Amino acid sequence: MRKDFPDETACITGVILAGGRGRRMGGVDKGLQELCGRPLVAWVIERFGPQVDELLINANQNGDRYAVFGHRVLADQISEFAGPLAGLQAALTAARHSLLATAPCDSPFLPSDLVHRLRQALTTSGADLAVARTFNQPQPVFCLCRREVLPSLSEYLESGGRRVDRWHAMLQVVKVAFDDQAGAFENINNRGELERFERAVPDQTS
């Protein structure tokens, strides 16, 4: 793919991925579940929002409740909760800027320098997409990509593809180590983890 814009000055759109069913949370909208009295999505907005020039929220239910946070809310263009790639597709279609960063709604303590480090790697490598990793574990829903990947993504989704790793294999991808902040990528999948995070909040925010 051509890289015909200056990465170091291009503005960045961010999208919070909140389009899942929340099955492991009991079928509730995960982003709206409260951690210490605040919805999970509010924690993510607080940490992720300052890192981007425009912020979107991808949600397939409760759009009016997400809109209260003051950012555009986008539903998937594909029906039946097709996963994070469907949210990425919707955001790439609507984004005002040439670079798009993603973060999930259930990682309230994500790195405050996430986008900066992904951008450095994307610029240096000339890759299509930069993705976070912690030790040997990819963190595929924490990425920064170029808008030019949209045709490839749409074609992959239209063919029935849903797995993030298989789509990444079609691109030039640079992996960015966050071994120094591995705990920041922890996510909340169920009630037990939510309770554990509540107990850990003073440590995480100190």
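Analyst: Two strands pair if DSSP finds at least two bridges between them. Helices (H or I, at least four residues) and strands (E, at least two) are DSSP runs, numbered from the N terminus. The model is predicted, so local features need pLDDT of at least 70 and side-chain atom pairs count only at pLDDT 80 or more, while totals for chains, interfaces and linings use all residues. Residues are numbered from 1 along each chain as its sequence is written, and side-chain values use heavy atoms, with hydrogens and water left out.

User: In β5, what is the bridge partner of L56?

Analyst: β4 and β5 are joined by three bridges in the parallel sense. L56 has its bridge partner in β5, and that residue is R72.

User: In what order do the seven strands form the open sheet?

Analyst: The pairing in this sheet is mixed. β5 (72-74) and β9 are the edge strands, each pairing on one side only. From one strand to the next, the twist averages 30°. The order is β5-β4-β1-β6-β8-β7-β9.

User: What angle does the direction of α1 make with that of β1?

Analyst: α1 packs on the sheet and touches β1, β4 and β6, contact being heavy atoms within 4.5 Å. Axes are lines fitted to C-alpha atoms, for helices over the stretch in contact, and angles run from 0 to 180 degrees between N-to-C directions. For α1 and β1 the angle is about 160°.

User: How many residues of α1 are buried?

Analyst: Buried means under 20% relative accessible area, exposed over 50%, and partly exposed in between (1.4 Å probe, protein chains only). L40, V41, A42, W43, V44, I45 and F48 meet this in α1. The helix is mostly covered, the buried count out of nine being seven.

User: Which element gives the most to the largest nonpolar core?

Analyst: A nonpolar core is a set of buried Ala, Val, Leu, Ile, Met, Phe, Trp, Tyr and Cys residues joined through side-chain atoms within 4.5 Å. The largest has 33 residues, with I16, F48, L114 and L118 making the most contacts inside it. Elements giving two or more residues include β1 (12-18), α1 (40-48) and α4 (114-125). With five residues, the element that gives the most is α4.

User: Which residues of α1 does I16 touch?

Analyst: Residues up to four places away in sequence are not counted here. I16 touches L55, L56 and I57, among others. α1 spans 40-48, and the residues in that range touched by I16 are V41, V44, I45 and F48.
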